[in-house]
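Reader: I have the coordinates open, so could you walk me through them, please?

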Amino acid sequence: MPPERRILHLDMDAFFASVELLRRPDLKGKPVIVGGRGDPTRRGVVTTATYEARAFGIRSGMPLRTAARLCPGAVYLPTDFAEYLRWSRRFKAVMKSVPALFEDRGIDEAFLDISELHGDGRSIARDIKRRVLEETGLTCSIGVAPNKLLAKIASELDKPDGLTIIGEGDLEARIWPLEVRRIPGVGPKANERLAAMGIRTIGELAASPRARLAARFGRAYAAFLHDAANGRHDRPLVTGREPKSRSRETTFQEDTNDRQAILRTLGRLARQVAEELRDRGYAGRTIGIKLRYADFETLTRDRTLLEATDDPLVIRAAAVECLARVALRRKVRLLGVRVGSLMPAGALQASLDLPGLRIAGDELQETP
Ligand code: TTP
Ligand code: MG
């Protein structure tokens with residue numbers, strides 16, 4: 001048996017809302033809901049809410065108007081990504097100062113592989129929690145376990161301000177009673193299918209014959225599910241992960257097919273995506289749009305440029321070309337701009353050296 005690894009997963013508590021409370025301490029203890037433009041009479045979705053608001057049934061992804069019905073007394077605040085990004089960097093700086101492999105998992109969570117560190121997992125985790133609080137004034141929840149999957153499940157078990165250590169011997173008592181949807185990688189569809197098979201808890205999943213799961217899910221996913229339920233997951237941390245794309249989207253206050261309004265919004269989204277790319281030091285070659293009609297039919301179009309860009313005007317021009325390829329007879333509900341095939345902007349120069357290529361439709365093709 002290989003020595004037991006120790007993986008630490010940290011997830012910030014009610015992240016966007018907690019950052020808002022830093023500048024509005026008067027709102028502490030109140031139901032606060034962050035989303036859209038912070039106006040529940042207008043369109044938009046909840047990004048997150050304080051635990052006080054969650055007590056009213058408020059959840060991420062819920063339309064603001066629904067939230068307003070459930071919790072009319074809440075304070076509604078607009079989403080301010082730039083501000084959350086700044087605080088995200090600060091708590092990650094604390095984690096990165098630990099001499100251990102670090103995996104960035106997005107704006108409010110990350111892993112550390114603390115296998116090689118001296119000291120027990122609990123004191124390492126406590127120390128990180130204390131320093132994150134000192135540096136940011138924010139609380140987080142940490143899970144420590146023999147693998148990434150269990151560590152992530154563990155970090156959620158005692159939220160907010162939690163600390164949960166799961167060892168191999170804790171599987172039966174702590175993990176098996178949980179619902180299968182607590183396994184990262186089990187979405188609503190898999191959850192539904194498992195339920196239809198009579199599998200509700202992780203323990204029930206662990207006890208299911210692999211062949212039965214494979215017949216329903218295919219061999220690879222079945223193996224993932226069965227191993228996960230049995231606490232087996234040997235993925236290493238992914239360090240130096242490069243983001244694949246950046247995107248921004250917005251829901252119109254009123255469904256529209258007014259080309260001018262759509263173009264204006266496209267320009268704004270292009271500017272926002274470009275700003276975020278520059279902020280993070282990336283440029284991308286694939287520019288795409290996403291368009292959702294009022295009936296929720298959704299389509300995407302993209303085109304690949306010769307050179308990676310972080311220029312808002314170039315991004316907008318490419319997005320406008322994509323827009324020209326879709327019909328605007330029906331009204332549009334949502335519009336998005338995405339820049340993909342990202343590379344560090346420093347590598348931009350190297351990417352310019354692409355002789356013999358031209359753009360044809362969506363694909364780069366060899367010039368005849
Ligand atoms: P989460 O960690 O899922 O949620 P949270 O930090 O708000 O709350 P918890 O204490 O349960 O961890 O997501 C982190 C941030 O990502 C969250 O503050 C807002 C944003 N987010 C969205 O914008 N949309 C979403 O659907 C979700 C789930 C999160
Ligand atoms: Mg969180």
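Author: Helix α4 passes α5 in a right-handed crossing (the near helix turned clockwise from the far one by less than a right angle), where helices are DSSP runs of H or I with at least four residues, strands are runs of E with at least two, and both are numbered from the N terminus. This is a predicted model, in which local features need pLDDT of at least 70, side-chain atom pairs count only at pLDDT 80 or more, totals for chains, interfaces and linings use all residues, and side-chain values use heavy atoms without hydrogens or water. Residues are numbered from 1 along each chain as written, with chains lettered from A and ligands numbered from 1 in written order.

Reader: At what angle do α4 and α5 pack?

Author: Helix α4 (residues 81-96) and helix α5 (residues 121-136) pack at about 145°, and their axes lie 9 Å apart, with axes fitted to C-alpha atoms over the stretch in contact and angles running from 0 to 180 degrees between N-to-C directions. In the contact (heavy atoms within 4.5 Å), α4 contributes W87, R90, F91, V94 and M95, while α5 contributes I128, R131, V132, E135 and T136.

Reader: Switching topic, what coordinates the magnesium ion (ligand 2)?

Author: D11 (OD), M12 (O) and D108 (OD) coordinate the magnesium ion (ligand 2) at 2.0 to 2.2 Å, donors being N, O and S atoms within 2.8 Å of the metal (3.2 Å for Na, K and Ca). M12 sits in strand β1 (residues 7-12) and D108 in the loop between β5 (101-104) and β6 (109-113), 96 residues apart.

Reader: Are M12 and D108 buried or exposed?

Author: Both M12 and D108 are buried, meaning under 20% relative accessible area, with exposed over 50% and partly exposed in between (1.4 Å probe, protein chains only).
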